[in-house]
Amino acid sequence: MAITQIREKSVAMERVDVVCSGPKDEEDGDGGLAVAPAKPKLKRPPLFKVVLLNDDYTPMEFVVDILERFFNMNREKATQVMLAVHTQGKGVCGIYPRDIAETKATHVNQHARDSGHPLLCEVEPSEDEE
Ligand code: TYC
């Protein structure tokens with residue numbers, strides 16, 4: 001006999017799919033209904049790149065300090081990324097969910113402005129998210 005999903009029902013805080021499993025006379029205490037836990041519908045959040053743009057005026061040392069401070073890089077990694085941005089025009093500092101990416105970029109831009117440098121940090125969708 002075909003199993004027909006008829007509705008969903010909450011049991012002890014857990015969402016369950018309720019399916020009809022047979023004729024009424026096969027009573028099993030569930031009124032002819034078999035219950036199975038619903039598959040958790042979890043999705044990873046879309047990810048965003050935090051990108052640093054090159055300019056002619058921000059000191060290299062300031063950019064290295066930014067990468068250490070806001071992106072938890074060690075000095076060697078921060079220097080590599082700074083030089084990549086310097087030579088290629090832009091570079092990725094990290095990849096995060098949208099809110100974290102936006103907050104990091106805002107903090108970097110605010111710190112640069114407070115320090116009198118034109119450094120620009122932007123957020124863009126990560127490859128697979130576009
Ligand atoms: N081009 C800058 C200089 O020569 C250094 C620099 C690197 C600036 C990376 C910004 O995102 C940047 N002083």
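Two strands count as paired if DSSP finds at least two bridges between them. With that in mind, we can start our tour of this predicted model at its sheet. β4 and β6 pair in the antiparallel sense, and 6 bridges link them. One of these links can be found by looking at K49, whose bridge partner in β6 is E124.

Now turn to the other neighbour of β4. Here β4 and β5 also run antiparallel, joined by 7 bridges. Along this pairing, V51 has V92 of β5 as its bridge partner, while V50 stands opposite G94 in β5.

Put these pairings together and the sheet appears: it is open, has 3 strands, and follows the order β5-β4-β6 with antiparallel pairing. Why is one side of β5 and of β6 left without a neighbour in the sheet? Both β5 (90-97) and β6 (120-125) stand at the edges and have a single partner strand each, so one side of each stays without a neighbour there. Ignoring direction, neighbouring strands of this sheet are turned by 30° against each other on average. As a general point, strands of a sheet pair through backbone hydrogen bonds, either parallel or antiparallel.

A helix comes next. α3, made of residues 98-114, lies across β4, β5 and β6, and runs at about 165° to β6.

Two further helices pack against each other. In general, such a pair is described by the angle between the axes and the distance between them. For α1 and α2 the angle is about 125° and the axes are 8 Å apart. The two helices are therefore oblique to each other, and α1 passes α2 in a right-handed crossing. Which residues meet here, in α1 and in α2? From α1 come M60, V63, V64, L67 and E68, and they meet R75, A78, T79, V81, M82 and H86 in α2. Sorted by class, this contact has 7 nonpolar, 2 polar and 2 charged residues.

Our last stop is the ligand. It is surrounded by 13 residues, and the closest are L52, T58, V63, V85 and H86. Two of those names may look familiar: V63 and H86 are also among the residues where α1 and α2 meet. Several elements already visited help to build the shell around the ligand: β4 (47-53), α1 (60-71) and α2 (75-88) each supply at least two of its residues. Which element gives the most to this shell? That is α2, with 3 residues. By class, the shell around the ligand holds 8 nonpolar, 3 polar and 2 charged residues.

Key:
Residues are numbered from 1 along each chain as its sequence is written. This is a predicted model: local features need pLDDT of at least 70, side-chain atom pairs count only at pLDDT 80 or more; totals for chains, interfaces and linings use all residues. A residue is near a molecule or strand if its C-beta atom, placed from the backbone, lies within 6 Å of it. Helices (H or I, at least four residues) and strands (E, at least two) are DSSP runs, numbered from the N terminus. Ala, Val, Leu, Ile, Met, Phe, Trp, Tyr, Cys and Pro count as nonpolar, Asp, Glu, Lys and Arg as charged, and the others, Gly among them, as polar. Axes are lines fitted to C-alpha atoms, for helices over the stretch in contact, and angles run from 0 to 180 degrees between N-to-C directions. Angles under 35 degrees count as roughly parallel, over 145 as roughly antiparallel, 65 to 115 as roughly perpendicular and the rest as oblique. A crossing is left-handed if the near helix is turned anticlockwise from the far one by less than a right angle, and right-handed if clockwise. Two residues are in contact if their C-beta atoms, placed from the backbone, lie within 7 Å.
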